[in-house]
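I opened my notebook for this one and went through it feature by feature. Here is what I looked up, in the order I got to it.

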Amino acid sequence: MPINSVTHLECSLCSRNYEAGKPWNLCECGGPLLVRYDLARLRQSWSLDSFAAAPDSMWRYAPALPVRQETSIVSLGEGMTPLLAAARTARRIGARDLLIKDEGLNPTGSFKARGLSCAISMCVELGIRKVAIPSAGNAASALAAYAAAAGLEAHIYMPADVPQSNFIECKAYGANVTLVDGLISDCGRIVAERAPKEGWFDVSTLKEPYRIEGKKTMGYEIAEQLGWELPHAILYPAGGGVGLIGMWKAFAEMEALGWIGAHRPKMIAVQAEGCQPVVRAFEAGAESCTFWENAATLASGLRVPKPLGDVLMLRAVRESAGTAIAICDSDLLDAGIRLASEEGIFVAPEGAACVAAAEKLLAQGFLKPDDKIVIYNTGSGLKYLEAYSTRFPRNIASDTDKLGGLITPR
Ligand SMILES: *Cc1c(COP(=O)(O)O)cnc(C)c1O
Ligand SMILES: [Zn+2]
């Protein structure tokens, strides 16, 4: 494999350049920084043949990732998740070719592993020893795991009502956890205040340039798994929207590498009714989002009232002729349970929202029966037992066979 070809970092809003190989957060103008590569040169040395011998993780795309020395890589086996055909669900909702990209099989049970594997690897490379993160849940778990693997000190700020799985994972991985009576936006403010005083590196998504690089591997991977032909539509549960922006970046890079053509999938941002700033901005024709007051949804990864990458996300959705759609909590839970019983795939509420959205968009005619549709299930349903337990209260009297009552083995 050729070594990577990072040239510099570039502000996504004002295009100002920053030197690679140094710790950076946001641009002076407040814009997120993106990593740029010498793709023309990389095209000469990196070919599709190399994948036969490449690692069975997202690090198979290392030439287009920011890490310069292989020894910096902190990996727990993230990426190369299965792309599963969902034939029964497809038949029911009127699609011929419905695929589920199951990111729930990643380390720590969500796609956040990709971003944090990359970000923590860069911390190792840049000599950063202490990291801090505001998180709605899964980013905290992933940060805690990769920080533990790298031997870094981790400081986590998350909402007090974060799913139990996220809280317990962070504690088990040995992170310093602070519960905040508020949302990820409040946690972000606290980390921004404390990080400089404490000497912590702030790994808030898009406030550091490398999590998105890890997430973009979802774009490379879907292309590879589909034989370098992108699908017609991608449904993605958008909180910060970084996975969507990352895939969009990956598609442009792959085109520059000569691996795909100009065709792009319709990028569909799926949100929860109780927190849908992207849907509102999309429908209003706005370039950016306004803060969503009183954000509430059990799909905790979607509880992001004002995404930092809103401009980039809205741009990608529009350029792709995609759309944005919101699903209510009750419908997304129903969709998750139905999918589990039809396909044997137990998805996070965020992924479940995309299943419900696909059904709606097919019914409305926005998606066509012949479209190849890929749904991103960003996390495992196992991380959301409180949410699903509202549908399955345990009842000794009814959860038994016809004998009634608890069966006591002799
Ligand atoms: C964080 C998260 C999301 C939102 O991801 P973004 O790429 O920031 O939009 C969706 N689903 C799950 C399970 C998450 O943990
Ligand atoms: Zn800028």
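**Entry 1: two odd backbone angles.** I began with Leu206, which counts as buried at 2% relative accessibility. A note to self before going on: this is a predicted model. Leu206 caught my eye for its phi, which is positive at about 70° although the residue is not a glycine. I found Leu206 in the loop between E9 and helix H7 (211-225).

Thr108 was next on my list, since its phi is also a positive value in a residue other than glycine, near 60°. I placed Thr108 in the loop between strand E5 (97-102) and helix H3 (112-126). Is Thr108 buried or exposed? I read a relative accessible area of 11%, so Thr108 is buried.

**Entry 2: helix H3.** I followed the chain into H3 and checked its length. From first C-alpha to last, the 15 residues of H3 reach 21 Å, close to the 21 Å expected at 1.5 Å a residue. How many of the residues of H3 are buried? I got twelve of the 15, and noted H3 as mostly covered. The buried set includes Lys112 and Arg114 as well as Leu116, Ile120 and Met122. I then asked what covers these buried residues, and the list includes E5, strand E6 (130-134), helix H4 (138-150), E9 and H7. Just after H3, I noted Gly127 with a positive phi of about 75°.

**Entry 3: helix H8.** I gave H8 the same treatment. H8 has 15 residues and spans 21 Å from its first C-alpha to its last, close to the expected 21 Å. Twelve of those 15 residues are buried, so H8 is largely enclosed by the rest of the structure. Among the buried ones I wrote down Trp248, Lys249, Phe251 and Glu253. Gly258 follows H8, and its phi is positive, near 80°.

**Entry 4: the nonpolar cores.** A reminder I keep on the inside cover: in soluble globular proteins, nonpolar side chains tend to be buried together. I looked for such groups here. The largest nonpolar core has 91 residues, and those touching the most other members are Trp46, Val131, Leu143, Ile156, Tyr220, Tyr236 and Phe251. Which helix gives this core its largest share? I found that to be H8 (residues 242-256), with eight residues. Apart from this core lies another, of 34 residues, and I listed Ala233, Leu332, Ile345 and Ala356 among them.

I picked Tyr236 for a closer look at its partners. Leaving out residues up to four places away in sequence, Tyr236 touches, among others, Phe111, Met218, Ile268, Cys354 and Tyr376. Gly243, Leu244 and Met247 are also among the residues that Tyr236 touches.

**Entry 5: cysteines.** I counted disulfides and came to zero. I still checked two of the cysteines. Cys11 is buried, with a relative accessible area of 2%. Cys354, a contact of Tyr236, is buried too, at 0%. The cysteine sulfur nearest to that of Cys354 belongs to Cys328 and is 14 Å away. A disulfide calls for sulfur atoms within 2.5 Å, so I could rule one out for Cys354.

**Entry 6: aromatic rings.** I searched the whole structure and found 15 aromatic pairs. One of them is Tyr157 with Trp200, a tilted pair at 6.3 Å centre to centre and 40° between the planes. Tyr157 lies in strand E7 (residues 153-159) and Trp200 in the loop between helix H6 (184-198) and strand E9 (201-202), so the pair ties together parts 43 residues apart in sequence. I checked the accessibility of Tyr157 and Trp200, and both are buried.

I also wrote down one aromatic cluster, formed by Trp46, Phe51, Tyr61, Tyr220, Trp228 and Trp259. Another ring to note is that of Phe366: Lys266 lies over its face, 5.8 Å from the ring centre.

**Entry 7: Pro231.** I closed with a proline in the loop between H7 and strand E10 (233-237), Pro231. At a relative accessible area of 1%, Pro231 is buried. Which residues are in contact with Pro231, leaving aside neighbours within four places in sequence? I got Leu226, His263, Pro265, Lys372 and Val374. Pro231 and Val374 are 143 residues apart along the chain, and 6.8 Å separates their C-alpha atoms.

Methods. Residues are numbered from 1 along each chain as its sequence is written. Chains are lettered from A and ligands numbered from 1 in the order in which they are written. Side-chain values use heavy atoms; hydrogens and water are left out. A nonpolar core is a set of buried Ala, Val, Leu, Ile, Met, Phe, Trp, Tyr and Cys residues joined through side-chain atoms within 4.5 Å. Buried means under 20% relative accessible area, exposed over 50%, partly exposed in between (1.4 Å probe, protein chains only). Helices (H or I, at least four residues) and strands (E, at least two) are DSSP runs, numbered from the N terminus. Contact means heavy atoms within 4.5 Å. Rings of Phe, Tyr and Trp (its six-membered ring) pair if their centres lie within 6.5 Å; planes under 30 degrees apart count as stacked, over 60 as edge-to-face and the rest as tilted. A charge sits over a ring if NZ of Lys or CZ of Arg is within 6 Å of the ring centre and within 35 degrees of the ring normal. The expected span of a helix is 1.5 Å times one less than its number of residues.
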